[in-house]
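Trainee: Hi! Could you walk me through how the two chains meet here?
Mentor: Happy to; let's look together.

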Amino acid sequence: MSFLFGRGGAQQQQQQSSLNLTAAESELDMITDLFNRIVETCYRKCIPAPYQDGELTKGESVCIDRCVSKYFETNAKVGGKMSGGAAGR
Amino acid sequence: MDLSNLNAVERAQMEQLIEQKQMKDFLRMYAGLVDRCFNDCVNDFTSSKLTSKEETCVTRCTDKFLKHSERVGQRFAEQNAQLQQGGQGR
């Protein structure tokens, strides 16, 4: 997962200034994107359309928890495979 | 997010950036929610006002989505923290 949340050990902070900022920004973008994809996907999979009420049902809540967990797992698996590392095992 | 390897100026810039992105993300979510609830709830065009049934549906749809998003946020934070911890060891 280092490609997702990695941070280089930056020694020369001053010189790397814009680089650090760029890295932090792309990390933020990646996390935001992941979050938004999970919200979208798990809503589609867990919350069926005719809305009986405005609360999450017990079943929907459990579904969401599992969905988020599985999405993360899938994300790590695919990431591991793509970088050829040991994370995909 | 770990901002510890940024200096004070960078951190201020980053915070500003985060604020801008949050605003943008909020607007994106708003637009997405309108689209979702409109598509799920409004299919009858024999009147130009929302029927009471459609209105109820839109309210429920909005409530449900916001609660959904909040719950995903909680689980997301947990998973992300776990991941950060696991990654620290290597």
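Trainee: How much area is buried between chain B and chain A?
Mentor: About 3,800 Å² in this predicted model, with carbon and sulfur atoms giving 61% of that. Buried area is the accessible area (1.4 Å probe) that two parts lose on being put together, summed over both.

Trainee: Which three residues supply the most on the chain B side?
Mentor: B:K64, B:H68 and B:F76, which supply 19% of the area that chain B buries against chain A.

Trainee: And how many residues take part in the contact?
Mentor: Chain A brings 41 residues and chain B brings 36, with contact meaning heavy atoms within 4.5 Å.

Trainee: How many salt bridges are there between the chains?
Mentor: Seven between chain B and chain A; each is a side-chain nitrogen of Lys or Arg within 4 Å of a carboxyl oxygen of Asp or Glu. One of them joins A:E60 and B:K64, with the closest N and O atoms 2.7 Å apart.

Trainee: Which helix of chain B gives the most to the side touching chain A?
Mentor: α2(B), with 19 residues. Helices here are DSSP runs (H or I, at least four residues), numbered from the N terminus.

Trainee: New topic: what does UniProt annotate on chain B?
Mentor: An unreviewed UniProt entry gives "domain: Tim10-like" for residues 16–78 of chain B; such annotations may be inferred rather than shown by experiment.

Trainee: How are these positions counted?
Mentor: Residues are numbered from 1 along each chain as its sequence is written, and chains are lettered from A in the order written. Local features need pLDDT of at least 70, side-chain atom pairs count only at pLDDT 80 or more, totals for chains, interfaces and linings use all residues, and side-chain values use heavy atoms, leaving out hydrogens and water.

Technical notes. Helix = DSSP H or I, 4+ residues; strand = E, 2+ residues; numbered from the N terminus.
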